[in-house]
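Visitor: I've got a structure to look at and a pile of terms I don't quite trust yet. Could you walk me through them?

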Amino acid sequence: RRGFIAAVSSMLPLGLAALAHSGKPAFGKSPDNPAADYPYPYDSVRDWVAALDAHGLLIRVGEVDQDSFHATGLFFNLTDQFTWWGAPAMLFDRVKIDGEWIQGPVLANLQGHLSTDSIIWGLETHPGDYEGNYRRAKAHMREVFSANGNDWPYLDPVQVSASEAPCKQYVLRGEEIDLRRFAFIQTNPADGGRYINSGSVFTEDPELGRNFGTYRCQIKGPRKVALNPETNQGGWRMITAARERGESVYPVAIVVGQDPVTFMISSSKMTGFARTGPVKDELALAGGLRGKAIEVVKCETNDMLVPAHAEMIIEGEVLLDEPLEPEGPFGEMYGYLGPRDEDKFWMRVTAVTHRQDPWILNMFTGMERGLVTAPMHTLIEHSLRQRFPYLVEYYQPHDTMGITYLAIKKTKPGQGLEIGRAVAETDPIAKITVILDDDVNLLNQQDILRAIVSRWQPHPATHIVKNGRGISIDPS
């Protein structure tokens, strides 16, 4: 990777600048009025990518040799130059995998740029004003949340026929299925193999309801996929509950190439997860936030309803009487490899339906801001303000996972430690929680560091939580 970056470093910045500012979007429409050309809401990932392109946030590469991990190297170079929140999306038309050129496209970083937080809701977006675009999105989210009685809006999905569903253009069964023919890549040299790492894994339970989450899924054969919902995640609870009920087969569907709002909800905790009662319908939440119902279609080999405008649906069944199998390793945190797990669920693929020339999204996990964050930060801010009305802003940057910033309007001594302890003791991602005055810009880490070195003393302004909860991917 480093050798490849060194080889292209002298010419890459010029190429990126030319692509980003040429005024010629890859999809052929004028960027002068992006909202008119690509109206919100975006029903598919194709609509979303076209909108990113119209905003000058897409770089298109004709072909890339992933056997030499050139896509990974290019992406590292992008974030080195433009930062995690300023790097554009990428589209690779063809990818070399295991010695063969496979038609893509493969997509990356579709919600990495901070301006995607405003584009995803069809808001006014100013080129280069990352912070302003992000804060406009948060203001919009606060209005949406407040207007619905301090809750998100919900709009039930609408079922359509198979003939109306783009994801049903091709239907594969049995020996026709070989997931290795599609452009799923191995991201890092030491990963356990090729991964479906951006799919929404749909599961259902008679008591817990419907759930979908973005879990890493290792391709272990033409019709075999390892599933890795971590312990206590929604998918893990539902599959485990089925096994405890004595069931031998559990249906699962992996949705690849979702619309941007469905992907954002899949990758976050917008509704929470009830331990004993049913969860709120996340597809209804996606429809409510978009202001337009998600169209769904019935799977071929089970009764699950999945987004009709997805690129691909991988249907399968977890064989609960069969032994668990190893999965991984997989690069999950910047510069570190997540360990191999010896005991993970896996599924036998029963059907694959897809669009013509399906678009495959690869997450460069641990290297990119993976999703739009304004809605989750709005939800967390609302929850914290119920107890701490002096909170001004909350921000959890993805490029330094494990640190959390809060700005407060302090009115009496002790408030910083008060709210800081509450966050540190309840949020496993908040390994380091920093409380700042409200004149510090939480989106500028240099401003934050300057405030720390000039305003903070370790004693008495520090509290250490002993034996607190952490996140499983933390290498320490």
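Visitor: What makes Gly-291, just after α10, worth a look?
Guide: Gly-291 takes a positive phi of about 75° just after α10. This is a predicted model, by the way: local features need pLDDT of at least 70, side-chain atom pairs count only at pLDDT 80 or more, and totals for chains, interfaces and linings use all residues. Residues are numbered from 1 along each chain as its sequence is written, and side-chain values use heavy atoms, with hydrogens and water left out.

Visitor: Why is α10 called a helix?
Guide: Helices are DSSP runs of H or I with at least four residues, strands are runs of E with at least two, and both are numbered from the N terminus. Helix α10 covers residues 282-290.

Visitor: How do you know whether α10 is mostly covered?
Guide: Buried means under 20% relative accessible area, exposed means over 50%, and partly exposed is in between (1.4 Å probe, protein chains only). In α10, 9 of its 9 residues are buried, including Leu-283, Gly-287 and Arg-290.

Visitor: What do the buried residues of α10 pack against?
Guide: They pack against α7 (130-147), β7, β8, α9 (260-266), β12 (295-298) and β13 (305-307). Contact here means heavy atoms within 4.5 Å.

Visitor: What makes the pair at the start of α10 a polar contact?
Guide: A polar contact is a pair of N or O atoms within 3.5 Å; within protein, one must be able to donate a hydrogen and the other to accept it, and residues adjacent in sequence count only if both atoms are side-chain atoms. A side-chain oxygen of Asp-281 comes to within 2.9 Å of the backbone nitrogen of Leu-283.

Visitor: Which residue caps the N-terminal end of α4?
Guide: Ser-44 does, with a side-chain oxygen 3.2 Å from the backbone nitrogen of Arg-46. As for cover, 8 of the 10 residues of α4 (45-54) are buried, among them Trp-48, Val-49 and Leu-52. After α4 comes Gly-56, with a positive phi near 75°.

Visitor: Why is α8 said to be largely enclosed?
Guide: Because 8 of the 11 residues of α8 (234-244) are buried, the rest of the structure largely encloses it. Its buried residues include Arg-237, Met-238 and Ile-239, and they pack against β7 (200-205), β8 (209-214), β10 (224-228), β11 (249-256) and β14 (312-319). Following α8 is Gly-246, whose phi is positive, near 90°.

Visitor: Why is His-113 called buried?
Guide: His-113 has a relative accessible area of 5%, so it counts as buried. You'll find His-113 in the loop between β3 (100-108) and α6 (116-119). A polar atom of the His-113 side chain lies 3.0 Å from the backbone nitrogen of Ser-115. Not counting residues up to four places away in sequence, His-113 touches Leu-57, Trp-85, Gly-86, Ala-87, Tyr-130 and Arg-369.

Visitor: What makes a set of residues a nonpolar core?
Guide: The members are buried Ala, Val, Leu, Ile, Met, Phe, Trp, Tyr and Cys residues joined through side-chain atoms within 4.5 Å. The largest nonpolar core has 65 residues, and Leu-110, Met-264, Ile-265 and Leu-289 have the most contacts inside it. A second, separate core of 49 residues includes Val-61, Ala-71, Ala-242 and Phe-345.

Visitor: What does Leu-110 contact beyond its neighbours within four places in sequence?
Guide: Leu-110 is in contact with Val-45, Trp-48, Val-49, Leu-52, Ala-89, Thr-116 and Leu-361.
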